[in-house]
Amino acid sequence: MNQRQRFLATLHYQPRDRSPICDFGFWPETIELWHEQGLPAQITYDNYNSQFTDPYFGMDQYQDGPWVHVDLLPWFESKVIEDRGDHELAQQGDGVTVLRKKTMGSIPEHHGHLLVDRESWKKHYKWRLDPNNPDRYPKDMADAVRQWNDPDSPLPHVAPGGSLYGRLRDWMGVENLSLVVYDDPAWFGEMVETVGDCIVGVLERAIAAGAKFDACGIWEDMCYSAGPLLSPTHFKQYLVPQYKRYTELLAKNGCDIIWVDCDGKIDDLLPLWLEAGVNCMFPIEVGTWNADPVQFRKQYGRELLMMGGVGKRILAGSKKGIEDEVRRLTPLVEEGGYIGFADHRVPPDVPLENYVHYLKCARRDWGKGINLKPMPAEELKFDYA
């Protein structure tokens, strides 16, 4: 089987040669520290960290694309506003002003937002969500369609599902957006619907041109350690109808794997995502609330597809703990509808030696040693002090 066939068979509970062996990626700091632990210098965050394969660790790919774009276009100018020594004040491509570390920093601190009211929404953002912007589509759509329709394509074609809440949260900040939900719910609804119009419009045009998608990936990050940032009531009122617009469109056109990438404790929103046609959680984050893909399977059965769910804290612990967790998840892996990997990007407190050991265990128990890619990392001796 190739990677696309294996991925689709796994998430459709169909026979396959083995489970995909893949991951979500690494923090930049992780790669830097791993260089001190034996990782070759030529392997950097920029050229090896992504949702795609990492040949040094012998992983499979599980995504190709996106070839169409549903986010802001054009982007704002990215620029440094002020140099503050170890930090810099900068404007990002989404228009947000942040204070970020020049090195060894992954989550910048928000310092200002262009999106503050209805006027700034119309001036800076709404027009950037026009689905008819030609820059959203491949220059050669006919060639893209040929590749989307290639039955021997080696990688799954994943449609971009955008973000109905997460991007608004970024553009405004959590506190400001939370106030808008109560102070001006009509405007909140307008913003969500405008984002939905952009996503649906882009997907409709691509599908009309002949595009065929295997899956769709949504990003939200709308939960934290205690639950959702938006109440389930508001989620059901504003977000569910918009999700349904494009999950139903995709389902009618043969795409029935639709995942959401949401950090945090998703329990309260999970049944609503399922109601909206979003049937896969990615990457299930264990966190301090101890989410568990095994328990989710018991609760939701085969209706719920899952990826992730291997706790970062376990990877940072003992080798025996890693072995025990891989064995614990093996029956779920073998049942299908689940692809195991780290519950988010691998942080720097996970030693390289532990991570390589985890991959060896996963390749043995989940990969069965069948059609695995070469793994140069196996040759590391870990003789550093």
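## Buried residues and the model

A residue is called buried when its relative accessible area is under 20%. The structure described here is a predicted model. By that cut-off Y62 is buried, because its relative accessibility is 1%. F341 is buried as well, with a relative accessibility of 0%.

## Aromatic pairs

A pair of aromatic rings is described by the distance of the centres and the angle of the planes. Across the whole structure, 24 aromatic pairs are found. One of them joins Y62 and F341, whose rings are stacked, with 5.9 Å from centre to centre and 20° between the planes. Y62 belongs to the loop between α3 (45–48) and β1 (79–84), while F341 belongs to the loop between β12 (338–339) and α14 (352–365), so this contact ties together parts that are 279 residues apart in sequence.

Y358 and W366 make a pair of another geometry: their ring centres are 6.4 Å apart and their planes stand at 80°, so the pair is edge-to-face. Y358 and W366 are both buried. These two residues also belong to a cluster linked by ring pairs, which includes F26, W34, Y56, F57 and Y355.

## Charges over rings

Two arginines are placed over the faces of aromatic rings. R167 lies over W219, at 4.5 Å from the ring centre. R205 lies over Y137, and here the distance to the ring centre is 4.1 Å.

## The six-stranded sheet

Which strands make up the open sheet, and in what order? The sheet has 6 strands, arranged as β5-β6-β9-β10-β11-β12, and their pairing is parallel. The edges are taken by β5 (158–160) and β12; each has a single partner strand, so one side of each is left without a neighbour in the sheet.

Starting from the β5 edge, β5 pairs with β6 (residues 215–219) in the parallel sense over 3 bridges. In this pairing A159 stands opposite C216 of β6. The next step, from β6 to β9, is also parallel and has 4 bridges. Here W219 stands opposite D261 of β9; W219 is also the residue whose ring face lies under R167. Strand β9 is joined in turn to β10 (residues 280–284) by 3 bridges, again running parallel. D261 stands opposite F282 in β10.

Where do the side chains of β9 (residues 258–261) point? I258 and V260 point one way from the strand, whereas W259 and D261 point the other way. These four residues are all buried. D261 therefore combines a buried position, under the 20% cut-off, with a place opposite W219 and opposite F282.

## The second largest pocket

Rolling a probe the size of a water molecule over the atoms shows where empty space is left. The second largest pocket holds about 260 Å³ of space. Its lining is made of 17 residues, and those that lie nearest the centre are V286, G287, T288, R313 and D343.

Which helices supply at least two residues each to this lining? They are α12 (312–315) and α13 (319–335). The largest share comes from α12, with 3 residues. By chemical type, the lining of the second largest pocket divides into 5 nonpolar, 5 polar and 7 charged residues.

Notes
Residues are numbered from 1 along each chain as its sequence is written. This is a predicted model: local features need pLDDT of at least 70, side-chain atom pairs count only at pLDDT 80 or more; totals for chains, interfaces and linings use all residues. Side-chain values use heavy atoms; hydrogens and water are left out. On a 1 Å grid over the protein atoms alone, a cavity is a set of points where a 1.4 Å probe fits but cannot get out, and a pocket is an open set with protein on both sides within 12 Å along at least five of seven lines; lining residues have an atom within 4 Å of a point. Grid points are joined across faces, edges and corners, and a volume is the space filled by probe spheres set on the points. Ala, Val, Leu, Ile, Met, Phe, Trp, Tyr, Cys and Pro count as nonpolar, Asp, Glu, Lys and Arg as charged, and the others, Gly among them, as polar. Rings of Phe, Tyr and Trp (its six-membered ring) pair if their centres lie within 6.5 Å; planes under 30 degrees apart count as stacked, over 60 as edge-to-face and the rest as tilted. Buried means under 20% relative accessible area, exposed over 50%, partly exposed in between (1.4 Å probe, protein chains only). A charge sits over a ring if NZ of Lys or CZ of Arg is within 6 Å of the ring centre and within 35 degrees of the ring normal. Two strands pair if DSSP finds at least two bridges between them.
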